[in-house]
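Me: I should like to learn how features of a model such as this one are read. Might we take them in turn, beginning with a single residue?

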Amino acid sequence: RESKPKHMLTVAGVEPVAYWVSTLLWDTTNYLIPCGITIALMFAFKVSVLTTTTRNVLSGVLCLLIFLGPAAAGFSYCVSFAFKSPSLCNTIIIVSGFLIGFGGPLTIFILILIGRDPGNPKPKLEDIGNIIGWVLRIFFPTFNLGNGLLNAINIEVLDFLYGKSKTAWTKEVLLYDVIFLILQAIIYTFLA
């Protein structure tokens, strides 16, 4: 926004849809480089909880990582309109993304664990955790990544909590997180 490239391209005859689609494709392509490095490092360091094909964990983790790029790009485009300073916008997006992506899933996981305690169940805590989870899932791509990864890592705990064997593609693990990343990529880019 500082150098107004969209304005210059619009004056030159480029349609806004073409501008935003090309920007999203460029940002997503640039994202795929560190994404590929991350995937390679997962295999190089043998992070077996994320690279196992048991219960389709690997396919789910790969989808989370790949779809995060376009979803986060669209989210960043929309958030950038609220700021005049690019550095402040980047700082807010990075810090909030870390806090929501790491703290949100952990908080919800703890609330559900406490709420499902067989000796002293607290269904209201579980309901609160589920409500917070849905609100964060709808608006924040980093939450979907963090929640999906946490659930993939703790898939055996989820088996115990829900009483039946799960795969990565069940709704309690990461199915909804992948779906929402895809929807966020489309919706946030459309809103921008």
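Reply: The model is a predicted one. Let us begin with C63: its relative accessibility is 23%, and because buried requires under 20% and exposed over 50%, C63 counts as partly exposed.

Me: How many disulfides does the structure hold?

Reply: A disulfide requires two cysteine sulfur atoms within 2.5 Å. The structure holds zero. For C63, the closest cysteine sulfur belongs to C35 and lies 11 Å away, which is too far for a bond. The sulfur of C78 likewise has its closest cysteine sulfur, that of C89, at 11 Å, again too far for a bond.

Me: How is the span of a helix judged, and what does helix 4 show?

Reply: One allows 1.5 Å a residue; the 24 residues of helix 4 should therefore span 34 Å, and the 34 Å between its end C-alpha atoms agrees with this. Helix 4 also has a kink of about 35 degrees at L68, shortly before the proline P70.

Me: Which residues touch the most other members of the largest nonpolar core?

Reply: Such a core joins buried residues through side-chain atoms within 4.5 Å. Here the core has 28 residues, and V57, V61, L64, L65 and L174 touch the most other members. Several helices each supply at least two residues, among them helix 2 (16–44), helix 5 (86–115) and helix 9 (175–191). Helix 4 gives the largest share, six residues.

Me: With which residues is L174 in contact, leaving aside neighbours within four places in sequence?

Reply: L174 is in contact with G60, V61, L64, G148, A152, A168 and W169.

Methods:
Residues numbered from 1 in each chain as written. Predicted model: local features only at pLDDT ≥ 70, side-chain atom pairs only at ≥ 80, totals over all residues. Heavy atoms only, no water. Buried < 20%, exposed > 50% of the residue type's maximum accessible area, 1.4 Å probe, protein only. Helix = DSSP H or I, 4+ residues; strand = E, 2+ residues; numbered from the N terminus. Contact = heavy atoms within 4.5 Å. Expected span 1.5 Å × (residues − 1). Bend = angle between axes of the 7 residues up to and from the residue.
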